[in-house]
Amino acid sequence: MSLSSKTIAIVGGGSVGSTLANSIVQSESKANVVVAARDPSKTTAALAEKKLGHLKVEPMAEAIRAADFIILSLPGAHEDEGIEKLAKSLGDVSGKSIIDATNPLSEFGDGLEIRWKQGTSGGEILQKYLPDAKVYKAFNTVGVELMDRPRSVGTDMLFCGPDDGIEGVVAAVGFTPRYMGPIRYARNLEAIAELWIHCAIPPLPARQLGRDWSLDIAGNPE
């Protein structure tokens, strides 16, 4: 899919959001990339401090209204109520593609766990509260260091959703897109993210591997 006539709004101007935005801007996709901010002046100043002042910033409602693709790069909510609040904060996103890059982790003291007890993923619940949008899960299984070009180039990115319609966005960041199936598989991607986080953040009990790694697909998948 060509992104040359498409607008990608990234909700959240922190390290993940700004890195994804910058990687897409550096690509050959020619997509219109905007950072959607509640306080545009504050976000603009913060980006300038990180030498990313070239990124376009717009008020959230305006950016979301004009967007074809919306990437959520915010802290994830563990409970349904928090996910519902996030969904409502986006306004009317009917017909839009929502790329959920969040992970629904519990508090650190509770083990930074995903929604094992609930039995459903954050991505599925987000789709429940955004029934007229297409919700995908992507960009949640690696650290921000691997989202930055050229480090992202050639790294596999597993994603799921109603179809493979965000392949172009994933590829624009630099990743090799790997479509896994419908949004139900967000459960698996969030589990992979939990493993990555536990291996990256001491003193969690997993083997410490640092932040400079990802899971790639070997062999020749069709």
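Here is a short chat about the two largest pockets of this predicted model.

Reader: What kind of model is this, and which atoms do side-chain values use?

Author: The model is predicted: local features need pLDDT of at least 70, side-chain atom pairs count only at pLDDT 80 or more, and totals for chains, interfaces and linings use all residues. Residues are numbered from 1 along each chain as its sequence is written, and side-chain values use heavy atoms, leaving out hydrogens and water.

Reader: What makes a space a pocket?

Author: On a 1 Å grid over the protein atoms alone, a pocket is an open set of points where a 1.4 Å probe fits, with protein on both sides within 12 Å along at least five of seven lines. The largest pocket comes to about 540 Å³, a volume being the space filled by probe spheres set on the points, which are joined across faces, edges and corners.

Reader: What makes a residue part of the lining?

Author: An atom within 4 Å of a point. For the largest pocket 23 residues pass, and Val 16, Leu 74, Ala 101, Asn 103 and Ile 197 are the closest to its centre.

Reader: Why are Val 11 and Gly 12 called lining residues of the second largest pocket?

Author: Each has an atom within 4 Å of a point, so both belong to that lining. Arg 38, Asp 39 and Lys 42 are also among its residues, and the pocket holds about 210 Å³.

Reader: What makes Arg 38 charged and Gly 12 polar?

Author: Asp, Glu, Lys and Arg count as charged; Ala, Val, Leu, Ile, Met, Phe, Trp, Tyr, Cys and Pro as nonpolar; the others, Gly among them, as polar. By that rule, this second lining has six nonpolar, three polar and three charged residues.
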